[in-house]
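Work through the exercises below with the sequence and the model at hand. Each task is followed by a solution in steps.

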Amino acid sequence: MKTHSQPLVLEALVDALRRLPGVGPRTAQRFAWHWLQHDREGAEHLQRALQSALQIVRHCELCNGFAEASRCELCQSEQRDRSLLCVVETPADQLVVEQTLMFRGLYFVLMGRLSPLEGVGPGEIGLDRLLTRASDGFVREVVLATNFTQEGEATAHYLGEILRARGLAVSRLARGVPVGSELEYVDPSTVAQALRDRRAVD
């Protein structure tokens with residue numbers, strides 16, 4: 001007896017949704033069915049928004065974060081302290097630090113972290129661009145706000161040595177952030193405390 005199968009285009013949609021972090025086969029299938037059965041207007045809105053984002057959003061030429069123009073709003077702001085540069089792994093981590101309202105400097109977003117086993121080396125996290133940014137003549141202190149995972153700690157150690165060799169003061173978030181955690185999932189008050197208590201990197 002032949003079993004019922006989904007249309008190939010629906011299977012392709014489910015497969016695409018499974019690429020999202022934390023979305024398994026059943027959840028992806030529920031999303032697909034919901035949009036097609038109950039909310040086609042919402043699906044079309046999502047399609048337009050995603051297509052627009054893919055066409056417009058780029059990397060800021062200074063901080064490497066997301067922007068609509070060549071430079072993001074933070075990098076263009078005259079209100080930020082240009083002597084402070086906070087290095088984070090992802091745009092989500094940058095947002096968490098911003099939400100603390102404790103940091104008034106600027107950022108550099110690595111878009112990853114060192115992970116030799118996954119083939120992620122200094123070139124993949126934009127080391128050259130970071131060094132150029134940190135050596136602009138304005139930056140005096142670099143705050144390493146990589147996550148407290150094994151890879152994040154290794155990244156902070158590696159970057160700290162290189163930045164200190166260039167005469168920059170380098171500090172690290174305090175241990176108020178739990179070991180093994182990622183900033184994206186830590187509440188802003190904890191991150192704020194870690195910023196206040198940041199320590200110099202030896």
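## Exercise 1: Two residues with positive phi

Asn64 is buried, at a relative accessible area of 9% (buried means under 20% relative accessible area, exposed over 50%, partly exposed in between, with a 1.4 Å probe and protein chains only). The model is a predicted one, in which local features need pLDDT of at least 70 and side-chain atom pairs count only at pLDDT 80 or more, while totals for chains, interfaces and linings use all residues. Residues are numbered from 1 along each chain as its sequence is written, and side-chain values use heavy atoms, with hydrogens and water left out.

Task: locate Asn64 and Leu101, and state the phi of Asn64 and of Leu101.

Solution.
- Step 1. Asn64 sits in the loop that runs between strand 1 (58-59) and strand 2 (66-67). Helices (H or I, at least four residues) and strands (E, at least two) are DSSP runs, numbered from the N terminus.
- Step 2. The phi of Asn64 is near 75°, which is positive in a residue other than glycine.
- Step 3. Leu101 belongs to the loop between helix 5 (91-99) and strand 4 (106-109). Its phi is positive too, about 60°, although Leu101 is not a glycine.
- Step 4. Leu101 counts as exposed, with 71% relative accessibility, whereas Asn64 is buried.

## Exercise 2: The overall frame

Task: give the numbers of helices and strands, the extent of the C-alpha trace and the buried share of the residues.

Solution.
- Step 1. The protein has eight helices and seven strands.
- Step 2. The C-alpha trace spans about 70 × 35 × 35 Å along its principal axes.
- Step 3. The protein has 202 residues, and 37% of them count as buried.

## Exercise 3: Salt bridges

Task: state how many salt bridges a search of the whole structure finds, then describe the pairs of Arg80, Glu89 and Arg172.

Solution.
- Step 1. The search finds four salt bridges (a side-chain nitrogen of Lys or Arg within 4 Å of a carboxyl oxygen of Asp or Glu).
- Step 2. One of them joins the side chains of Arg80 and Glu98, at 2.6 Å from N to O. Arg80 is in the loop between helix 4 (73-76) and strand 3 (84-88) and Glu98 is in helix 5, so the pair ties together parts 18 residues apart in sequence. Arg80 counts as buried, at 7% relative accessibility.
- Step 3. Glu89 and Arg113 form another salt bridge, with their closest N and O atoms 3.3 Å apart. Glu89 lies in the loop between strand 3 and helix 5, and Arg113 in the loop between strand 4 and helix 6 (127-134), so this pair ties together parts 24 residues apart in sequence. Glu89 is buried at 3% relative accessibility, while Arg113 is partly exposed at 24%.
- Step 4. Between Arg172 and Glu153 the closest N and O atoms of the salt bridge are 3.2 Å apart. Arg172 lies in strand 6 (residues 169-172) and Glu153 in helix 7 (residues 150-164), so the pair ties together parts that are 19 residues apart in sequence. Arg172 is buried, with a relative accessible area of 2%, and Glu153 is partly exposed, with 22%.

## Exercise 4: The largest pocket

Task: describe the volume and the lining of the largest pocket.

Solution.
- Step 1. On a 1 Å grid over the protein atoms alone, a pocket is an open set of points where a 1.4 Å probe fits, with protein on both sides within 12 Å along at least five of seven lines, and lining residues have an atom within 4 Å of a point.
- Step 2. The largest pocket holds about 310 Å³ of space, a volume being the space filled by probe spheres set on the grid points.
- Step 3. Its lining has 14 residues, and Leu13, Trp35, Ala43, Leu46 and Gln47 lie nearest the centre. Helix 1 (8-17), helix 2 (25-37) and helix 3 (40-56) are the elements that give two or more residues to this lining.
- Step 4. Helix 3 supplies the largest share, eight residues.
- Step 5. By residue class, the lining divides into 10 nonpolar, two polar and two charged (Ala, Val, Leu, Ile, Met, Phe, Trp, Tyr, Cys and Pro count as nonpolar, Asp, Glu, Lys and Arg as charged, and the others, Gly among them, as polar).
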